[in-house]
Amino acid sequence: QIPALPINARELPPGAPEGFEDAIGQFELNVSTTDEEVREGDPVNINIIVSGTGNLETMNVPRPVDSDGWKPYPASAQKRDDRRSASGYIIFKQFRRPLRPHNQIPPFRLVYFDPEEEAYVSLMSDPIPLTVKPSSGPARIGASPPAALPTRAVRCRCQSAAAVRAA
């Protein structure tokens, strides 16, 4: 027979701050890039590392404080080998494309509940200096994707598979 395992589960206190997405534990946030200078419209590779103790396996990617003027792409999480451990880190890799000149990558924020302190904590990364030069290509209108290539209607005379085999 397996002995009972006592669990001390409590509800989270009310008043979770904006940005809280069920992260529970004690964490640190580190945001970096290898890009120092890009052209408007070129993607910027951003590495977001959350380390500490808690529910890292279900962690959502921290979000920037200000996304205005940026086109984000979905982040990918680097899988950890120690997934059964409550301590460790998770690395999110995300591309963001500047839609106009900027002088920095905005700070990212992680909001979590610290069960030791019994309080919500908001971590904010430092802004990262970045030079975004105007695009050297033709001017783009807004943040719309490039137009599709022109198409033309084609009439197709198709036969059924049985007709092709019979021929």
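Buried here means under 20% relative accessible area and exposed over 50%, with partly exposed in between (1.4 Å probe, protein chains only). The model is a predicted one, so to speak of local features takes a pLDDT of at least 70 and side-chain atom pairs count only at pLDDT 80 or more, while totals for chains, interfaces and linings use all residues. Residues are numbered from 1 along each chain as its sequence is written, and side-chain values use heavy atoms, with hydrogens and water left out.

Start with the inside. The largest nonpolar core (buried Ala, Val, Leu, Ile, Met, Phe, Trp, Tyr and Cys residues joined through side-chain atoms within 4.5 Å) has 22 residues, and F27, I48, V50, M59 and I105 touch the most other members. Two or more residues each come from strand 1 (20-33), strand 3 (44-54), strand 7 (87-98) and strand 9 (108-114); strands are DSSP runs of E, at least two residues long, numbered from the N terminus. Setting aside neighbours within four places in sequence, I48 is in contact (heavy atoms within 4.5 Å) with L29, N30, V31, V61, P62, I90, I91, F92, Q94 and F108.

N47 sits in strand 3 as well, and this polar residue is buried, at 14% relative accessible area. Its side chain makes a polar contact with the side chain of K93 at 3.0 Å; such a contact is a pair of N or O atoms within 3.5 Å, where within protein one must be able to donate a hydrogen and the other to accept it, and residues adjacent in sequence count only if both atoms are side-chain atoms. Beyond four places in sequence, N47 is in contact with N30, V31, S32, F92 and K93.

Now for the charges. Four salt bridges turn up in the structure, each a side-chain nitrogen of Lys or Arg within 4 Å of a carboxyl oxygen of Asp or Glu. One of them joins E118 to R10, with the closest N and O atoms 2.9 Å apart. E118 is in the loop between strand 9 and strand 10 (119-124), R10 is in the segment before strand 1, and 108 residues separate the two. E118 is exposed at 52%, and R10 is exposed at 52%.

R63 pairs with E21 at 3.2 Å between the closest N and O atoms. R63 lies in strand 4 (residues 63-64) and E21 in strand 1, so this bridge ties together parts that are 42 residues apart in sequence. E21 is partly exposed, at 29%.

E37 forms a salt bridge with K133, again with a closest N and O distance of 3.2 Å. This pair links strand 2 (residues 37-39) to strand 12 (residues 131-133), 96 residues apart, and K133 is partly exposed at 32%.

Methods
Helices (H or I, at least four residues) and strands (E, at least two) are DSSP runs, numbered from the N terminus.
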